[in-house]
Amino acid sequence: MATRADEPVDPDHPRARWPSNGAVLLWVVGLTALILVLGVLTGTGVRLIGLLVFLPAFAAAFCTVRQTVFTACWSTVALALSLVYHPAPNRSDDIVALALSVVFGVLSVLGCRYRIGHESEMLRLRSTATAMQRSILRPLPLVTDQVLMDGVYEPLQEDKLVGGDIYDLAASPYGTRVLIGDVQGKGLPAIGTAFAVIGAFREAAYRETTLSGLVDALEEAVVRHNAIAAEADEPERFVTALVLCIDDSPTVRAISCGHPRPYLVGPGATVSVLLDEADLPLGLGSLAPAPRTIGRFDFPFDTTLLLCTDGLTETRAPDGTFFPLEKRLAEEAGLPPTRLARFLHADSRAFSAGHQQDDIAVLALCRAPAPAPAPVPGRSPAA
């Protein structure tokens with residue numbers, strides 16, 4: 001769709017990176033003048049002026065179609081005038097030079113049209129992927145009356161938009177429900193299962209009165225999705241997950257479905273929260289001999305609750321050493337929650353020498369500050 005010149009341009013749109021007409025004119029005139037000056041100084045003006053044939057190719061790589069057409073016409077006319085002023089001894093050489101200029105110009109314009117069309121198509125695909133991601137994962141931070149959640153999410157795929165790790169937060173009537181999970185597999189093939197779990201969480205978090213009921217709803221969603229996937233000859237997937245319920249009490253209720261354990265990071269120490277790690281991932285609940293258990297732990301106001309996926313805990317250095325998460329948490333326990341997750345993400349990338357092996361989700365939660373008491377009617381604030 002055409003864009004008016006006076007309309008704001010998306011900074012990611014290809015048009016935002018195109019040079020202005022004035023810059024192109026200055027560039028073309030400047031290069032032409034430079035070639036002419038060099039030609040006069042060396043006495044080989046005709047041979048150097050032939051370098052203008054390649055100007056449209058450079059324009060095709062960076063400019064618009066109209067700018068490329070202008071550059072192609074400019075180079076052909078400049079070459080023609082130069083050949084008239086300094087004709088070659090063999091007239092056939094002049095004809096060949098002009099023909100090459102025309103051919104290079106036409107090919108450059110066609111190449112420019114193809115490049116711009118490809119960039120526009122990639123922009124549409126990226127916009128679609130961005131919309132898909134926002135429907136699956138809401139941008140951080142997320143806030144409820146009880147919790148502030150911030151962090152970092154980085155999928156393994158090169159598009160850096162969607163992956164197999166999931167998270168969400170819901171301010172339900174029964175407290176703030178928190179989900180972090182990791183779908184088996186990576187990147188685009190895991191999106192269907194991720195969407196099924198997120199959709200079930202957003203619906204069941206407000207409906208189910210108990211945390212066990214919420215997890216059962218997530219289990220059913222994965223089982224249904226796997227049944228549909230099997231009909232399409234697609235592989236079934238399971239999901240490791242950690243589901244929390246945080247209310248105004250100091251105790252957090254949690255159910256771990258085979259997910260890495262959370263950490264409590266406080267001013268004095270870092271504590272790994274022990275939950276029942278025997279509970280199976282979502283999608284495999286029918287194989288468990290007993291229902292999933294609910295764990296409980298204290299979450300004081302002055303501590304940070306850190307949740308992560310195995311993309312962080314299983315990060316390795318080039319020599320195969322695992323990322324020392326607990327050591328890093330103990331060393332940086334004083335960081336505020338909004339910075340802790342970003343520090344761990346950056347530190348893990350440096351530890352692995354920039355070689356990311358899996359999707360990464362790192363979430364830092366802290367208690368939301370208590371609301372100020374409402375003023376008493378008829379009483380001054382200073383009273």
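Let me start with the lining of the largest cavity in this protein, which by class consists of one nonpolar, seven polar and two charged residues. I should say at once that the model is a predicted one, and everything I describe is computed from it. The residues concerned are Gly-311, Thr-315, Ser-348, Arg-349, Ser-352, His-355, Gln-356, Gln-357, Asp-358 and Ile-360, and the volume that they line is about 50 Å³. The count of cavities of 30 Å³ or more comes to two. As a reminder of the principle, rolling a probe the size of a water molecule over the atoms shows where empty space is left.

Stepping back to the whole chain for a moment, the secondary structure comes to ten helices and eleven strands, and of the 383 residues 43% count as buried. If we take the contacts between residues at least 6 apart in sequence, 68% of them join residues at least 24 apart.

Now to helix α10, residues 337-351, which has 15 residues and reaches 21 Å from its first C-alpha to its last, close to the 21 Å expected at 1.5 Å a residue. Its buried residues are Pro-337, Leu-340, Ala-341, Leu-344, His-345, Asp-347, Ser-348 and Phe-351. They cover an arc of only 170° around the axis, and therefore they sit on the same side of α10. The general background is that an α-helix has 3.6 residues a turn, so residues three or four places apart point the same way. What covers this buried set includes β2 (147-154), β7 (263-265), β10 (304-308), α8 (310-313), α9 (325-331) and β11 (360-367), while the face turned away from the buried side carries the exposed residues Arg-339 and Ala-350. Ser-348, one of the buried residues of α10, is also one of the residues that line the largest cavity. After the helix comes Ala-353, whose phi is positive, near 60°.

Helix α3, residues 55-62, can be read in a similar manner: Leu-55, Pro-56, Ala-59 and Ala-60 are buried there. These residues are on the same side of α3 because they cover an arc of only 135° around the axis. On the face turned away from that buried side we find the exposed residues Phe-58 and Phe-62.

Helix α7, residues 211-231, has 21 residues and reaches 31 Å from its first C-alpha to its last, close to the 30 Å expected at 1.5 Å a residue. Among its buried residues are Leu-214, Val-215, Leu-218, Glu-219 and Asn-226, and the elements that cover the buried residues of α7 include β4 (175-183), α6, β5 (239-246) and β6 (251-257).

Since α6 has just come up, let me point to Thr-193, which has its place in that helix, residues 191-207. Is Thr-193 buried or exposed? With a relative accessible area of 3%, Thr-193 is buried, and, leaving aside residues up to four places away in sequence, Thr-193 touches Val-183, His-225, Arg-237 and Val-239.

I will finish with two details of the backbone. Asp-233, in the loop between α7 and β5, has a phi near 60°, a positive value in a residue other than glycine; at 74% relative accessibility, Asp-233 counts as exposed. The other detail is the peptide bond from Leu-140 to Pro-141, which is cis, with omega near 5°, and Pro-141 lies in the loop between α5 (91-136) and β1 (142-143).

Definitions and conventions
Residues are numbered from 1 along each chain as its sequence is written. This is a predicted model: local features need pLDDT of at least 70, side-chain atom pairs count only at pLDDT 80 or more; totals for chains, interfaces and linings use all residues. Side-chain values use heavy atoms; hydrogens and water are left out. On a 1 Å grid over the protein atoms alone, a cavity is a set of points where a 1.4 Å probe fits but cannot get out, and a pocket is an open set with protein on both sides within 12 Å along at least five of seven lines; lining residues have an atom within 4 Å of a point. Grid points are joined across faces, edges and corners, and a volume is the space filled by probe spheres set on the points. Ala, Val, Leu, Ile, Met, Phe, Trp, Tyr, Cys and Pro count as nonpolar, Asp, Glu, Lys and Arg as charged, and the others, Gly among them, as polar. Helices (H or I, at least four residues) and strands (E, at least two) are DSSP runs, numbered from the N terminus. The expected span of a helix is 1.5 Å times one less than its number of residues. Buried means under 20% relative accessible area, exposed over 50%, partly exposed in between (1.4 Å probe, protein chains only). The arc is that of the directions from the helix axis to the C-beta atoms. Contact means heavy atoms within 4.5 Å.
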